[in-house]
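Subject: Handover of a structure and the findings on it

Dear colleague,

Please find below the structure that I am handing over to you. My findings follow it, ordered from the overall fold to single residues.

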Amino acid sequence: SIHDRFGSLFAQRSFLESRMPHWGDGFKAVPDFWPLGSGLGTYAYVYPPYQDRLDRAWYRHAENQYLEALVDGGVVGLALMLAMIALVGLAAWRLVRDDDDPRSVAFGAACLFALSGQAVHACFDFALYLPACVLLLALLAGAACGRAACLARRTRASGLFVLSRVPGLTPVLVLLLLAGGIWGVCETRSLAAVDRALAADRL
């Protein structure tokens, strides 16, 4: 099954059905949306006007999370994604290198393994759009960064993970996340009719 999955990069029934030409279609959309992107979750609706070849497949995702982040979120979205990977990796590495608790060292190593696995996997698929994957990775990332912050405070080390506490910031962040989630649900519901029409009228 691994051979079949990676074989879809180059050796499907014909080259036109592989991912590489589709990635080319996605990159054609970048110049029109490069600063802030077309909007999160809009990739399936953005790439078709840039496709100038016959393809029997209809892609909901780019099969490459970096490309999809670039189209959906622009340069800013891709930069935030890469910064997240770098910062979480640095936090996990600090646990492995500096923490004297063996449990934290083991946890940091597990977090590094999960993060690097997902970073490589993101080149060929869209696992982090699956709730089970993204929730587990978010839990690992949050725990690693939280432990790295505790370690930095305990050792009085200066670093990226020691943030000053701002009174009342937590409720504001929760409300912003809730408002963003409600807005996202409304946007998704408004696109349901377009989704149904595209599925019904597929060539």
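The protein chain has 7 helices and 0 strands, and its pattern along the sequence reads α-α-α-α-α-α-α. Please note that this is a predicted model. Of the 203 residues in the protein chain, 30% count as buried. Among the contacts in the chain with a separation of 6 or more, 63% are accounted for by residues 24 or more positions apart. One pair that is distant in sequence is Ala86 and Leu115: 29 residues separate them in sequence, and their C-alpha atoms are 9.7 Å apart in space. Ala86 is found in helix H4 and is partly exposed, because its relative accessible area is 48%, which falls between the limits of 20% and 50%.

Two helices were compared with their expected spans. The 15 residues of H2 should span 21 Å at 1.5 Å a residue, and the end C-alpha atoms are 21 Å apart, so the two values agree. Buried residues in H2 include Arg19, Pro21, His22, Trp23, Asp25, Gly26, Ala29 and Val30. Helix H7 (residues 169-200) has 32 residues, for which 46 Å is expected; its end C-alpha atoms lie 46 Å apart, so here too there is agreement. H7 nevertheless bends by about 35 degrees at Leu191.

The largest nonpolar core holds 29 residues, of which Tyr43, Tyr66, Leu67, Val71 and Cys111 touch the most other members. At least two residues of this core come from each of helix H2 (19-33), H3, H4, helix H5 (102-121) and helix H6 (131-154). H4 gives the most, with 12 residues. As general background, nonpolar side chains in soluble globular proteins tend to be buried together. Leaving aside neighbours within four places in sequence, Tyr43 is in contact with His22, Gly26, Pro48, Arg60, His61, Ala62, Leu67, Glu68, Val71 and Asp72.

The loop between helix H3 (43-46) and helix H4 (65-98) contains Asn64. With a relative accessibility of 13%, Asn64 counts as buried, since the cut-off is under 20%. The Asn64 side chain reaches the backbone nitrogen of Tyr66 at 3.0 Å. Beyond its neighbours within four places in sequence, Asn64 is in contact with Trp23, Ala122, Cys123 and Asp125. Glu63 lies in the loop between H3 and H4 as well. Glu63 is buried, because its relative accessible area is 14%. Although Glu63 is not a glycine, its phi is positive, at about 60 degrees.

What is the count of disulfides? By the rule applied, the count comes to 0. Cys145 is in no disulfide, and the nearest cysteine sulfur, that of Cys111, is 7.4 Å away; the cut-off for a disulfide is 2.5 Å between the sulfur atoms. Cys145 counts as partly exposed, because its relative accessibility is 23%. Cys186 is also partly exposed, with a relative accessible area of 45%.

Yours sincerely

Terms used
Residues numbered from 1 in each chain as written. Predicted model: local features only at pLDDT ≥ 70, side-chain atom pairs only at ≥ 80, totals over all residues. Heavy atoms only, no water. Helix = DSSP H or I, 4+ residues; strand = E, 2+ residues; numbered from the N terminus. Expected span 1.5 Å × (residues − 1). Bend = angle between axes of the 7 residues up to and from the residue. Buried < 20%, exposed > 50% of the residue type's maximum accessible area, 1.4 Å probe, protein only. Polar contact = N/O pair within 3.5 Å; in protein donor to acceptor, adjacent residues only side chain to side chain. Contact = heavy atoms within 4.5 Å. Core = buried A, V, L, I, M, F, W, Y, C linked by side-chain atoms within 4.5 Å.
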